[in-house]
Amino acid sequence: MTEKTFPLTKEQLERIIEMHPTPFHIYDEKAIRQNIRRFLKAFSWAPRFREHFAVKATPNPRIVQILREEGAGTDCSSLAELILSDVAGVRKEDILLTSNDTPAEEFIKARELGARINLDDITHIDYLEKHAGLPDFLCFRYNPGSLIEGNDIIGKPEEAKYGLTREQLFNAYAIAREKGVHRFGLHTMVFSNELQNDAFLFTAEMMFKLAVEIKERLGITLEYINLGGGIGIPYHPDQDAVSYEYVGDAIHKLYDEILVPAGIGDIMLATESGRAMTGPFDWLVTTVLHEKNTYKHYIGLDACMANLMRPALYGAYHHITVAGKEVAPLDHLYDVTGSLCENNDKFAIDRALPKIEIGDRVIIHDAGAHGHAMGFNYNGKLRSAELLLREDGSVELIRRAETLDDYFATLRFPGSMM
Ligand SMILES: *Cc1c(COP(=O)(O)O)cnc(C)c1O
């Protein structure tokens, strides 16, 4: 069970709305800091442990800066994310480029920033060398394929487009070494939004055993092992969060049992969590515009799937509360909708909620990861502002809302109609 909370009273929220009209995302700085501190503490036993925050979850430089202040680096998969890392003050090998189908300019920028580069394919060694030159450190992304068939946690890695096969991996290290690379890392990312604690132990055991095999077969001692991201969050109140402490302790044991006896007990350990670092600590705040009763009961908000796409895209559950009605009985059944001309533009279907009135502030929870980030402009919808609730209770604008001028900007060019 997970308690779903919102850090503001209705009165505090109304004061913020006077300055910042809905809809908006609001992030809780204190909760973000407390969460990453607890995460890093669970891995404080690990040599030079690094969490590379997956920027794609929440690509706002202010959020990245807060995480950096707590000791995180970044994980980037695009040119924009590399630039955001730099703007947020993340430096050198605290930045990781884990990209796929990678364009040359990403490799060039990563080299310019001195970032760690994690290659998605064996052919990328030559491509990187040709376009940006080879760094002295290289990491490879491992795809375990059907080797781990029968594991229902991990799904079907052989159908994922990412990473190198096992055979390719050994060849890649040998080729890179031949070309003068002399520091090596190993990476994998095999699941997403996973809530089972033991899934993470499974990855760690697989990766540690592989590191031993790489040493035995190639004589290469890895400098760096990255266990990827994928830590889930309890979107539904019936779900439980992953226990950082349990997972950290259990991976510690595996490290001591597998790596230490093989004489490689000083490998730097890394993760690249996105969702777990920001997902639960942001809320999409909206206002009810309309109530409509036809074959079903609809509540129409001033936000739409352009502000949070997960429910429409994946049918994902996002908890919903109404400001000031937190303890009212959930005795009404509503579809909660946006205004897009798409019938799947619904934040919830047949959701039990308190009786809702026009003008109520409807709060959509766990919107911090892949929320604003997945925003789009279909139907001429505009992306909302992002606010930061500071530890002292003040509110800071960390991204302004889009305007129609922003929307029309690309239609304005010499000779255009606008
Ligand atoms: C998305 C992604 C992550 C982060 O995943 P979360 O589920 O947000 O923890 C990490 N690494 C790579 C390569 C990714 O694509």
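**Entry 1: cysteines**

I started with Cys304, which is buried at 3% relative accessibility. This is a predicted model, so I keep that in mind for every entry below. I then looked for a disulfide partner for Cys304 and found none: the nearest cysteine sulfur belongs to Cys341 and is 10 Å away.

Next I asked why Cys139 has no bond to the closest cysteine sulfur. The partner to consider is Cys76, but its sulfur lies 14 Å from that of Cys139, which is too far for a bond. A disulfide needs the two sulfur atoms within 2.5 Å. Cys139 is buried too, with a relative accessible area of 0%. My tally for the whole model is zero disulfides.

**Entry 2: the largest pocket**

I turned to open space and noted a volume of about 860 Å³ for the largest pocket. Its lining counts 43 residues, and the closest to the centre are Lys56, Arg141, Tyr162, Met189 and Ser192. By class I wrote down 18 nonpolar, 14 polar and 11 charged residues in that lining.

Which elements supply at least two residues each to this lining? I listed β3 (73-76), α10 (275-278) and α11 (310-314).

I also wanted to know where the largest pocket lies with respect to the domains. Domain 1 (43-273) and domain 2 (280-408) both give residues to its lining, so the pocket lies between them.

**Entry 3: the second largest pocket**

The second largest pocket holds about 390 Å³ of space. I found 22 residues lining it, and Thr2, Glu3, Pro280, Phe281 and Asp366 are the closest to its centre. Helix α2 (residues 29-42) gives the most to this lining, with three residues. Sorted by class, the lining has 12 nonpolar, five polar and five charged residues.

I checked the domains here as well. Domain 1 (43-273) and domain 2 (280-408) both contribute lining residues, so the second largest pocket also lies between them.

**Entry 4: enclosed space**

How many cavities of 30 Å³ or more does a search of the whole structure find? My search came back with one. The largest cavity has a volume of about 150 Å³. Of its 15 lining residues, Phe43, Phe200, Ile231, Val247 and Thr271 are the closest to the centre.

Two or more lining residues come from each of α8 (197-218) and α9 (244-259). Helix α9 gives the most, with three residues. I noted 10 nonpolar and five polar residues in the lining of this cavity, and no charged ones.

**Entry 5: Ser273 and Ile175**

I picked Ser273 next and placed it in the loop between β9 (268-271) and α10. Is Ser273 buried or exposed? It is buried, with a relative accessible area of 2%. Setting aside residues up to four places away in sequence, I listed what Ser273 touches: Phe39, Glu51, His52, Phe53, Ala54, Gly228, Gly229 and Ile231. I recognised Ile231 from the previous entry, where it is among the residues closest to the centre of the largest cavity.

Ile175 sits in helix α7 (residues 166-178). At 35% relative accessibility, Ile175 counts as partly exposed. Beyond its neighbours within four places in sequence, I found Ile175 in contact with Ile122 and Ile125. I also took a long-range distance: Ile175 and Ala352 are 177 residues apart in sequence, and their C-alpha atoms are 59 Å apart in space.

**Entry 6: backbone oddments**

I looked through the backbone angles last. Thr22 and Pro23 are joined by a cis peptide bond, with omega at about 0°. Pro23 itself falls in the loop between α1 (10-19) and β1 (24-28).

Then I noted positive phi values outside glycine. Asp350 has phi near 50°. I found Asp350 in strand β14 (residues 346-353), where the residue is partly exposed, with a relative accessible area of 46%.

His370 has a positive phi too, of about 55°. Its place is the loop between β15 (361-364) and β16 (385-389). With a relative accessible area of 13%, His370 is buried, whereas Asp350 is partly exposed.

Note on methods. Residues numbered from 1 in each chain as written. Predicted model: local features only at pLDDT ≥ 70, side-chain atom pairs only at ≥ 80, totals over all residues. Heavy atoms only, no water. Buried < 20%, exposed > 50% of the residue type's maximum accessible area, 1.4 Å probe, protein only. 1 Å grid on protein atoms, 1.4 Å probe; cavity = no way out; pocket = protein on both sides within 12 Å on 5 of 7 lines; lining within 4 Å. Points joined across faces, edges and corners; volume = space filled by probe spheres on them. Helix = DSSP H or I, 4+ residues; strand = E, 2+ residues; numbered from the N terminus. Nonpolar A, V, L, I, M, F, W, Y, C, P; charged D, E, K, R; others polar. Domains from an automatic or database assignment. Contact = heavy atoms within 4.5 Å.
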